[in-house]
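Reader: I would like to take a close look at one part of this structure, the packing of helices and what lies around it. Could you take me through that part slowly, in one connected account?

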Amino acid sequence: MELILLVLALPVLLALGTLPPVLNRWPDNFPNPARVVTGAMVLMFVILLAVAYQPVIVEQGAATLSIDWVPQYNLNFSIYLDSLALLFGLIVTGIGAVVFFYTGEYFEDAEERDRFMRLLLLFTFAMLWLVLSGNLITLFIAWELTSIISFLLIGFKGDKYASAREGAARSLIVTGGGGLALLVGILLLGAAGGTYELSELLTLNLADHIWYVPIALLVMIGAFTKSAQFPFHFWLPGAMDAPTPASAFLHSATMVKAGIYLLARLHPVLSDAALWTSALLLVGLTTYFLTSLIALRQQDLKGVLAFTTTAKLGALVALLGVPEGYGMKAALIGIVAHALYKSALFLSVGTIDHATGTRLVSKLGGLWSKLPTTGVIVIISSLSMAGLIPLLGFVSKETLLEAFAEDTLWLVVAFAAATLSATAGYILIWDVFFGKQKMTDEEMHFHAPAAAMERSLLPLAGGTVVFALLVTPLFTPLFTPLIPVDFYLVLFPGFNEIFLLSLAALGGGAALFFARNLWRGVPDFPVSARRVYEWVIGSAEWIADQALKTQNGKLRHYLIAVLSVSMGILLYGGVVRDLFSLSNVDLGGFTVPDILDIMLLVLAVGAAWASVRVHQHLYAALALGIFGYAIAGIFFVEPAPDVALVQFLVETLATVVLVVMISRVSAQHRRRAMLALRRPLSKRRDATAEVRDIAIAVVTGVCMFAFSFVALTSRDNRESIAAWHLANAEPQVGVTDVVSAILTDFRGTDTLVEIAVFAVAALGVLALLTINRQEGGEPNAVVEGEAFDSLINTPLLRTVATIVLPITLVVAAVHVLYGADAPGDGFTAGIVSGLGVTLYYVVFGYYNTREQFSWLRPARVIGAGLLLALGNGILPMLSGGAFMGLIDFAPDLNFANLKFTTTVVFELAIAITVFGGVTLIMETIAHPEGIRLPNEPTTTQTIEAAPTAAPVLQADAQAARGDD
């Protein structure tokens, strides 16, 4: 079973192998990457077949493999391999092998081909993970991955075609909305069954559960949206703007069948109820007939194939709704037959489009003489779609009619839809290959496709024939564990009523085909699901536009809204009354820590007051820093040394960055701002607005104080989780510092996300401040020109900066190595080391610093830190552990009280990421082409006015003297 993990990993490894840095190192005589991927898909097909078919499906019925991920939430990385998973896995890898080979010949641009293949490989991984997943939560994750990657593939050429962008957005909205419904349904299903593991869940029958109705409805909505069932059928034709290989792979053989897979997978759990039967039959048969009818009206060959695909999906849904599982046989054989003939047809249409430049039936004809190989493939596949013996499509149609024979209405609808499908097949054959050629050779600009492109589809057409002839020995053992009733599966069951009905459908299709000029002129129905969708989306956008009108960008308006809500909560809850009732307040006696707290609070309030009263920007920045230091001092007194240390470092960094940011604004603008603050309130033009803003600030502060005060003095004495953390930090994580245990283990995934957010914030600063740079915003490019040295670049300060940097690196190393047992961690290590580099920028200036640290690439440092953190989290899973689990790499290490565990590696990854973010922010801010305000001189003039932090002192001093 462990080999199945290789099947899941190979697509991801191949996707990484097709990245430009890797491909550029391939030898010139190395095979086309598409052929390498094709070989890998064949290998995966063989592994699945060898591992599962005989030893698992025939002998055991199912095999499982489970790796703990987040066991507290019943979330395991589980594999559940039974007949259904094997069937879909073989379809994904088998059809995928042909599609990838075809892709190598389809794209003329190698770079575009490789980019497309990377997306298709990631989709292959997501689809395999979906069908092999043994846990409902991981199944849902894979489900959403298929929707996201499908969106990218549909919009692959969105830069050229608006229709591709619209189709991609439509598919994502519909399938994403269904995914949300499915998520709720899965959560309810897991809660009702007491487990999310399929191996346990499939033994239950929840039809009598009190939550059955919402579970069934939500699961069906998720499946219907994914498989384009009425009324969600409209999104699939829009997805045909994807390149042809994507249409063949995703939208005929794999992704759209994910909904069918889900319904079949949960059939044992949910099918024993009238709601399931009625809903699947109603929706499935409606989709089957309606979209079969719409398919005949299409002029685009892809449109014909898209709607006939939706029709077949409707038939499969209806078959899964037939009571007591009597439609399961027809559904399973229909899945295989449709995957073979429809993928062959889609790829053939791509060949036709590639050769003629059009897919319109009204422009095609007479292609048999030009594309005989493609013609053979289309004929076999179209006749299989029509249901002609001895093709696999015939077996599919026979079993379908047999399943619906118990009800006359079902049978009539299925017969009518089968007739329409046969008509579509005849149109594809005759009008494209044998009808009169409608374009001249000059208009067609025909160019023959590569022989390999055409011949690559022969396995699909051959499979339609061979699988039909060997249908009994190949599929009976595979289907037996899935079908709850006795069944037989043969190519030709004899001359019976079902066979005669099948012949009648072929004949009726032929009659409609010959009368096609009559019914093609019938106008379309005025109301369509797509128009309804567009109306809904348009209405939602209009409502959003009206809501956005309240967002005028004025902070005071937002504060008024927040204040009003807060005041309403306070008044409604009686908090204001409680504020003046001090019965819950027990001041007690004052101790030394209490006196220190009071002194630090007074210092904090005084610094906050000074920050808004001083008229020099530098002093205001320093006052804010003092405010932060005072808060950090309170944490020290409490005591919370880890939090205090982080606060001290962050305040130091923030103060330095703020001072440097101020220095980037010209002295002239800062003097104007200072003088404006010095004017008496009565002489200001906006005095009324300032009084109003002061009032809003005061009232907001009082309300927040009241809310916080009452919350702190009135809360219940609840059991704190802190005691559990204190008791389990060392036994479970091997550290004595509880904060370190929380950050790196107990809530390690949170920390992983947080450092990713920090990295994105650093990149956001880079984007915002470099968008208008003349040299294009390249952060590591040293521009030739004058060296703008800092005005505080003195020998003493240069010496200090040179000494401080290695000290900060040593301190950072200590924080990483000993953070598990002492204050400090990876975050503080990153900040400390970043401050060392920041001091260089302040003292030496931008160009000198960049010259000395030319090797430092902050963006790459950030990427390295994130990759190290992610790899460190995945590493325990490879040995059967949990994600972010603890591994002690050297349990016998006895040197300087050091430890070498995944906790230390994670701290190092955090330090690297934070260091990269700090240096990236500092490098961006310190760049000579700084922040330009409106009507401000550009580049050289601005830089000369304020090259570094030192001019802040000069400008503030001038403003203090009243100079203008």
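Author: In this predicted model, helix α4 (residues 83-106) and helix α5 (residues 110-132) pack at an angle of about 175°, with their axes 10 Å apart. An angle over 145 degrees counts as roughly antiparallel, and α4 and α5 are therefore roughly antiparallel to each other. On the α4 side, the residues that make the contact include Phe88, Val92, Val99 and Phe100, while α5 contributes, among others, Phe116, Leu120, Leu121 and Leu128. By class, the residues of this contact divide into 13 nonpolar, five polar and one charged.

Helix α5 also takes part in the second largest pocket, for α5 is one of the elements that give two or more residues to its lining, together with α1 (2-17), β1 (62-70) and α40. This pocket has a volume of about 770 Å³, and of the 20 residues that line it, the closest to its centre are Phe77, Phe125, Ile874, Met877 and Leu878. The largest share of the lining, seven residues, comes from α1, and by class the lining has 18 nonpolar, one polar and one charged residues.

Helix α40 (residues 858-878), which we have just met in the pocket lining, has a helix partner as well: its axis and that of helix α41 (residues 902-926) come within 8 Å and cross at roughly 160°, which makes α40 roughly antiparallel to α41. The crossing of these two helices is left-handed, and the residues of their contact divide into 13 nonpolar, seven polar and one charged.

Terms used. Residues numbered from 1 in each chain as written. Predicted model: local features only at pLDDT ≥ 70, side-chain atom pairs only at ≥ 80, totals over all residues. Heavy atoms only, no water. Axes fitted to C-alpha atoms, helices over the stretch in contact; angles between N-to-C directions. Helix = DSSP H or I, 4+ residues; strand = E, 2+ residues; numbered from the N terminus. Parallel < 35°, antiparallel > 145°, perpendicular 65-115°, else oblique. Left-handed = near helix turned anticlockwise from the far one by under 90°. Nonpolar A, V, L, I, M, F, W, Y, C, P; charged D, E, K, R; others polar. Contact = heavy atoms within 4.5 Å. 1 Å grid on protein atoms, 1.4 Å probe; cavity = no way out; pocket = protein on both sides within 12 Å on 5 of 7 lines; lining within 4 Å. Points joined across faces, edges and corners; volume = space filled by probe spheres on them.
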